[in-house]
Amino acid sequence: MLKTIKHWLKAAADVAMPRVCPVCHHALGHDEQWLCRECLYKLPRTHYEEVDFNTMEQHFAGKVPIERATAYFFYEKGAPYSSILHDIKYHGVPAMGRWLTARAVHDMAPSLFFDGINMVTAVPLHRSKLAQRGYNQSEYLARGIADALGIPYVEALKAIRPHSTQTHKGAMERWQNIQGNYSLKKDTSLLAGKHILLVDDVITTGATLTACASLLKSIPNTTVSLFTLAAARLE
C-alpha cells in the first residue's frame, strides 16, 4: 500500500513539475532516473577498462605509477552529454553522479576493473570552493562506487590552496597551476598497503590526477588506480 502511494505521489509530482533528461531534454518516464532510457543506451562509453594499457593508462606512463585507469564516457565541450557533468558540478544535482558511478560499477563488472580495490577516495575541493558550491562532486562520484562495491570511502587528500579555473589553460599552464595545491591528510596509516581508487569527475590533461596520485603513492606499499566519470579525447 505504501509503495503504491509513493508511486502515485511521484507520478503526480512528475505531472506538476516534469523531470527532464539533461541530454535530450525530453520528459522522463516514472521508471527512468536522471537520464532517459535512450540517452543512457547511447552513452558514449570509452570501454577503456576492456583494453590492456589503454589510452588513459598511456597518458600517465612515466608520470606516476598506477595500476589501471578508466573513464565511463567521453566528454566533448558543448556536446549534449557534456550537460551531465555541468549539472552534476554546477546545478546542484551531484546525486546524479552518484547514481551514474554505481551504474558504471555494474556495467564494468565483466572487465574485473574494480577487483582487488580496497578503498575509494576523491580529488578534494578547497574549502573556499566547497563553501561556494556546497559539495564536492567528485566525492559523490567516489561514494557511488564505494557503495556499489561495499568498500570504504576515505578522505585521504586535502586541497591546501585554491587554484584558478583550468578551463581556458593550455597543458603546461594546467601543470603549473596545480603544483602544491594538494597534500595528504595527517594520518594515512590505514591506507598503507591498500589498493586505492582515486576518483574525479573528468580528465583533460591529467594534471590534477597526477598530483593526487603521486601523493597517494608516497604512502608505503600503496597501489593506485584511477577512475573518472568522463574523459576528453586523450592523445
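This report describes the overall make-up of a predicted model, then two of its helices and three single residues.

**Overall make-up**

The secondary structure of the protein comprises nine helices and six strands. The chain has 235 residues, of which 46% count as buried. Among the contacts with a sequence separation of 6 or more, 72% are between residues 24 or more positions apart.

**Helix α5 and its crossing with α4**

Helix α5 (94-108) has 15 residues, which at 1.5 Å a residue should span 21 Å, and the distance of 21 Å between its end C-alpha atoms agrees with that expectation. Its buried residues are Pro94, Met96, Gly97, Trp99, Leu100, Thr101, Ala104, Val105 and Met108. The elements that cover these buried residues of α5 include α2 (37-41), β1 (69-74), α4, α7 and β6.

Two packed helices are described by the angle between their axes and the distance between the axes. For α4 and α5, the axes come within 7 Å and cross at roughly 125°. Because angles of 65 to 115 degrees count as roughly perpendicular and those over 145 as roughly antiparallel, α4 is oblique to α5. On the α4 side the contact is made by Ile84, Asp87 and Ile88, and on the α5 side by Pro94, Met96, Gly97 and Leu100. Sorted by class, this contact of α4 with α5 consists of five nonpolar residues, one polar residue and one charged residue. Pro94, Met96, Gly97 and Leu100, which form the α5 side of the contact, also appear among the buried residues of α5.

**Helix α7**

Helix α7 covers residues 137-149, and its 13 residues reach 19 Å from the first C-alpha to the last, close to the 18 Å expected at 1.5 Å a residue. At the start of α7, a side-chain oxygen of Asn136 comes to within 3.0 Å of the backbone nitrogen of Ser138, and Ser138 is itself one of the buried residues of the helix. The others are Gln137, Leu141, Ala142, Gly144, Ile145 and Ala146. Cover for the buried residues of α7 comes from elements including α4 (82-90), α5, β2 (119-122), α6 (127-133), β5 (195-203) and β6 (223-231). After the helix comes Gly150, which has a positive phi, near 70°.

**Three buried residues**

The table lists three residues from other parts of the chain, with the place and the relative accessible area of each.

| Residue | Place | Relative accessible area |
|---|---|---|
| Thr205 | loop between β5 and α9 (207-217) | 16% |
| Ile178 | helix α8 (residues 171-178) | 0% |
| Ser183 | strand β4 (residues 182-184) | 18% |

Since buried means under 20% relative accessible area, Thr205 at 16% is buried, Ile178 at 0% is buried, and Ser183 at 18% is buried. The side chain of Thr205 reaches the backbone nitrogen of Ala207 at 3.3 Å. Ile178 lies 9.1 Å from Pro162, C-alpha to C-alpha, with their positions 16 residues apart in sequence. Ser183 and Leu216 are 33 residues apart along the chain, and their C-alpha atoms are separated by 9.2 Å. Leaving aside residues up to four places away in sequence, Ser183 touches Ala156, Leu157, Lys158, Ile160 and Leu215.

How values were computed:
Residues numbered from 1 in each chain as written. Predicted model: local features only at pLDDT ≥ 70, side-chain atom pairs only at ≥ 80, totals over all residues. Heavy atoms only, no water. Helix = DSSP H or I, 4+ residues; strand = E, 2+ residues; numbered from the N terminus. Expected span 1.5 Å × (residues − 1). Buried < 20%, exposed > 50% of the residue type's maximum accessible area, 1.4 Å probe, protein only. Contact = heavy atoms within 4.5 Å. Polar contact = N/O pair within 3.5 Å; in protein donor to acceptor, adjacent residues only side chain to side chain. Axes fitted to C-alpha atoms, helices over the stretch in contact; angles between N-to-C directions. Parallel < 35°, antiparallel > 145°, perpendicular 65-115°, else oblique. Nonpolar A, V, L, I, M, F, W, Y, C, P; charged D, E, K, R; others polar.
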